[in-house]
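Here are some exercises to work through with the structure open in your viewer. Try each one yourself before reading the solution.

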Amino acid sequence: MWIPLGRAEELEIDQSTANRQVNSAVDRGYLSKERPDRGKCYLFNATQHGRCNYERSVEYTMDVYGAALEALGDQREAFEQNLNTFVSAFARRLGANDVEEGGKHSHIPARW
């Protein structure tokens with residue numbers, strides 16, 4: 001697999017790391033791999049198994065977060081406000097000043 005240099009840099013991974021991770025996902029059945037038009041590049045797609053595994057993982061994670069937040073009881077709102085303040089300050093410190101404007105760092109969850 002080859003990832004264009006700019007994309008690998010954006011993901012902050014090197015080419016060999018990307019290759020290992022994607023090939024592992026193909027080996028486990030999470031992704032399919034095809035070479036359209038017999039070109040040099042492969043096209044990867046999530047398989048049904050990969051999509052189901054991802055959805056189960058997200059559902060489990062959200063359940064755990066929900067249970068942890070519920071356990072806070074009356075302190076939940078204060079925790080969420082403090083966490084929001086922390087994440088926003090952290091993003092700004094990283095130079096992600098455009099978080100709220102939908103810029104290149106907008107994937108950073110600065111608001112809950």
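**Exercise 1. A salt-bridge chain**

With which residue does Glu-70 form a salt bridge, and how far apart are the closest N and O atoms?

*Solution.* One caveat before we start: this is a predicted model.

Step 1. Look for a basic partner around Glu-70. The partner is Arg-76, and the closest N and O atoms are 2.7 Å apart.

Step 2. Now see what else Arg-76 does. Its side chain also meets that of Glu-80 in a salt bridge, at 2.9 Å from N to O.

Step 3. Put the pairs together: Glu-70, Arg-76 and Glu-80 are linked in a salt-bridge network. The total for the model is 2 salt bridges.

Step 4. Place the second pair on its helix. Arg-76 and Glu-80 both sit in H4, residues 76-93, and are 4 residues apart, about one turn of the helix. An α-helix has 3.6 residues a turn, so positions three or four apart point the same way.

Step 5. Sort the three by exposure, using over 50% relative accessible area for exposed and under 20% for buried. Glu-70 has 56%, so it is exposed. Arg-76 comes in at 27%, so it is partly exposed, and Glu-80, with 30%, is therefore partly exposed too.

**Exercise 2. Which way does H4 face?**

Check the span of H4, then work out which of its residues are buried and where they lie around the axis.

*Solution.* Step 1. Start with the span. The 18 residues of H4 should cover 26 Å at 1.5 Å a residue, and the end C-alpha atoms are 26 Å apart, so the two agree.

Step 2. Pick out the buried residues of H4: Asn-84, Val-87, Ser-88 and Ala-91. They cover an arc of only 100° around the axis, so they are on the same side of H4.

Step 3. Turn to the face away from that buried side. There you'll find the exposed residues Asn-82, Thr-85, Phe-86 and Arg-93.

Step 4. Finish at the end of the helix: H4 is followed by Gly-95, which has a positive phi near 90°.

**Exercise 3. Same game with H2**

Which residues of H2 are buried, and what do they pack against?

*Solution.* Step 1. Get the geometry first. H2 runs over residues 15-27, 13 residues in total, and reaches 18 Å between its first and last C-alpha, close to the 18 Å expected.

Step 2. List the buried set in H2: Thr-17, Ala-18, Val-22 and Ala-25. Looking down the axis of H2, the buried residues fall within an arc of 120°, so they line one face of the helix.

Step 3. Find the neighbours of that face. The buried residues of H2 pack against strand S1 (31-34) and S2.

Step 4. Check the opposite side: the face of H2 turned away from the buried side carries the exposed residues Arg-20 and Asp-27.

Step 5. Just as a follow-up, look past the helix. H2 is followed by Gly-29, with a positive phi near 85°.

**Exercise 4. A loop residue and a nonpolar patch**

Is Thr-47 buried or exposed? And which residues form the nonpolar patch on the surface?

*Solution.* Step 1. Locate Thr-47: it lies in the loop between strand S2 (43-46) and H3. Its relative accessibility is 19%, so it counts as buried.

Step 2. Ask what covers it. Leaving out residues up to four places away in sequence, Thr-47 touches Gly-29, Tyr-30, Leu-31 and Ser-32.

Step 3. Move on to H3. The helix has 24 residues and reaches 35 Å from first to last C-alpha, close to the 34 Å expected.

Step 4. Now the patch: Tyr-54, Val-58, Met-62 and Tyr-65 form it, with about 460 Å² of accessible area together. Take Val-58, which lies in H3, residues 48-71. Its relative accessible area is 34%, so Val-58 is partly exposed.

**Exercise 5. Zoom out**

What pattern does the protein follow along the sequence, and what share of its residues is buried?

*Solution.* Step 1. Count the elements: there are 4 helices and 2 strands. Read along the sequence, they follow α-α-β-β-α-α.

Step 2. Check burial: 14% of the 112 residues are buried.

Step 3. Add the surface. The accessible surface is about 9,100 Å², and 53% of that belongs to carbon and sulfur atoms.

Step 4. Last, the contacts. Among those between residues at least 6 apart in sequence, 10% join residues at least 24 apart.

Conventions. Residues are numbered from 1 along each chain as its sequence is written. This is a predicted model: local features need pLDDT of at least 70, side-chain atom pairs count only at pLDDT 80 or more; totals for chains, interfaces and linings use all residues. Side-chain values use heavy atoms; hydrogens and water are left out. Patches are made of residues with over 30% relative accessible area and no salt bridge: like charges are joined within 9 Å, nonpolar side chains (Val, Leu, Ile, Met, Phe, Trp, Tyr) within 5 Å. Accessible areas come from the Shrake-Rupley method with a 1.4 Å probe; for residues, only the protein chains shown count as cover. A salt bridge is a side-chain nitrogen of Lys or Arg within 4 Å of a carboxyl oxygen of Asp or Glu. Buried means under 20% relative accessible area, exposed over 50%, partly exposed in between (1.4 Å probe, protein chains only). Contact means heavy atoms within 4.5 Å. The expected span of a helix is 1.5 Å times one less than its number of residues. The arc is that of the directions from the helix axis to the C-beta atoms.
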